[in-house]
Amino acid sequence: MNQRNWLAILAIVVGIILVIVGIVYWVEPASSLPGFFPGHDATNSEHHIKHGIAAFVVGLALFVFAWFSLGKKKSAA
Amino acid sequence: MISFFQAAVLGALQGVTELFPISSLGHSVVLPTLFGWDIHQNDPFFLTFLVATHLATAIVLFLFFFQDWMRIFRGLGRSLRDREIAPDDTDAKLGWLLVMGSIPAGVIGVLLEKPLRSLFASPTSAAIFIAINGVLLLGAERLRKRAPEVATEDGSDQRIARRLTWGNAFGIGAAQALALIPGISRSGATMGGGLLAGLSNEDAARFSFLLATPIIGAAAILKIPELFGSQGDGLRGAAIVGALFAAGAAWLAVKFLLRFFETNRLTPFGIYCIIFGITTAFIVAT
């Protein structure tokens, strides 16, 4: 497998993680987020919707990168 | 609260300064203090008011470049379908450059907006950063990589797509995050970044305006619930007035700047920022 394919697979894995992180931000209040998440605040009961959107969008961007990387190369006309 | 007169002034100010490379946030912090108005940038009602003016600016930008956005969307769709960006597909390349530039600005904005706003909330620091913004604009003109491309038979989008790399777009997008500091201009950072990447002033301005639309629009849309929630009570009339003035001013500003940068540089804006920033820093500090 060439380097391009490895990068694409890495992008898919990280993308899946980021999409999950995004969902966690949406469903859990700031006080219930894992301590290493940006925005974790033991005294805050609000949801970090924007953090979730950012993680989700970056995850989607990585899927797009993988989509292009794993796409068939067209032969030169 | 904000009166209708204040809303009109602040709306027009926001519409102009959002697109001129002189920092809308910095001016909206400094000018109310200079006018003696009891409006502070971290007041919840003022933040809610800004949502309306930002949304108006984003809508105006989208409508101004509507035909371009339609071409860009089609280009993005083509490239996704073909799973490649064809070398001659300017619209697709430009579209993905804009996506690449929007991601770092959005992520950094989400993470750092609140801490930076509260850290640099005072009019004095905003005035100082407006002066620093002027120095950055003059520095970008001085340090630009190479002489700006002369106009060819290619259009602006072709030149942007040919000149900018993915790394350039990412860097220009990340530079937008500097604008989270009141006093540093988002459009100044992106235009300066474009110059450093080798674009002409005209092309850097065009790329800056295209890049502004998704980031300003998304930031405003995410905060719309505040405008229609309890924070917007007693403010919606002023917000509508401010939004209308912001829309009109933004339309005129983008028309003016696209023509201005065909033959001119960032230098006058840099000089203005240095003089205005230093002068107002002395006034508000004393």
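What follows is a short conversation about the interface and some aromatic rings of a predicted model.

This is a predicted model, in which local features need pLDDT of at least 70, side-chain atom pairs count only at pLDDT 80 or more, and totals for chains, interfaces and linings use all residues. Residues are numbered from 1 along each chain as its sequence is written, chains are lettered from A in the order in which they are written, and side-chain values use heavy atoms, with hydrogens and water left out.

Visitor: How many salt bridges are counted between chain A and chain B?

Guide: Chain A and chain B bury about 1,400 Å² between them, 70% of it on carbon and sulfur atoms, where buried area is the accessible area (1.4 Å probe) that two parts lose on being put together, summed over both. A salt bridge requires a side-chain nitrogen of Lys or Arg within 4 Å of a carboxyl oxygen of Asp or Glu. Between chain A and chain B, the count of salt bridges is 0.

Visitor: Is B:F46 buried or exposed?

Guide: Buried means under 20% relative accessible area, exposed over 50%, and partly exposed in between (1.4 Å probe, protein chains only). Because its relative accessibility is 0%, B:F46 counts as buried.

Visitor: Which class does B:W251 fall into by relative accessibility?

Guide: On the same scale of buried, partly exposed and exposed, B:F64 has 22% relative accessibility and therefore counts as partly exposed. The value for B:W251 is 37%, so B:W251 counts as partly exposed.
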